[in-house]
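This briefing introduces one structure to a reader who has not met it before. Please look through the sequence and the model below, and then read the points that follow.

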Amino acid sequence: QVQLVESGGGLVQAGGSLRLSCASSGRIFAMNAMGWYRQAPGKQRELVAVVTSSGTKNYADSVKGRFTISRDNTKNTVYLQMDSLRPEDAAVYYCNVRTGVFAATSDYWGQGTQVPVSS
């Protein structure tokens, strides 16, 4: 079974930086993309950044220019470098892996890691 484990979360001051890691294990078939989502209290989960199997990267408008997603295929790990953090970035960040194609896709999620941002 696919397992995703996030790490690197923690309290950070506004303007600071943090690097999140997501290590995957287990068999992943037809991986489409690996990315990061976040959910703040009282809000829906939203896409933060994603990198596809072909290397294409996409970011939410709110984090463009500040966050960078990267991957290390040899370690089965995806990273999210977060710079110039703002209080509105505070949320639980979740790692996501999507497999399959079209309507036959499946999503796998990590347990989430807290990223509080203080002012």
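A disulfide is a pair of cysteine sulfur atoms within 2.5 Å. The model is predicted, so that local features need pLDDT of at least 70 and side-chain atom pairs count only at pLDDT 80 or more, while totals for chains, interfaces and linings use all residues. Residues are numbered from 1 along each chain as its sequence is written, and side-chain values use heavy atoms, with hydrogens and water left out.

**The disulfide**

- One disulfide is found when the whole structure is searched, and it joins Cys22 to Cys95 with an S to S distance of 2.0 Å.
- The link of Cys22 and Cys95 is left-handed, with -85 degrees about the S-S bond.
- Because Cys22 lies in strand S3 and Cys95 in strand S9, the pair ties together parts that are 73 residues apart in sequence (strands are DSSP runs of E, at least two residues, numbered from the N terminus).
- Cys22 is buried at a relative accessible area of 0%, and Cys95 is also buried, at 0% (buried means under 20% relative accessible area, with a 1.4 Å probe and protein chains only).

**The nonpolar core**

- The largest nonpolar core, a set of buried Ala, Val, Leu, Ile, Met, Phe, Trp, Tyr and Cys residues joined through side-chain atoms within 4.5 Å, has 26 residues, and those with the most contacts inside it are Trp36, Leu80, Met82 and Tyr93.
- Strands S3, S4, S5, S7, S8 and S9 each supply at least two residues of this core, and the largest share, four residues, comes from S9.
- Leaving aside neighbours within four places in sequence, Tyr93 is in contact (heavy atoms within 4.5 Å) with residues including Trp36, Leu80 and Met82.

Technical notes: Buried < 20%, exposed > 50% of the residue type's maximum accessible area, 1.4 Å probe, protein only.
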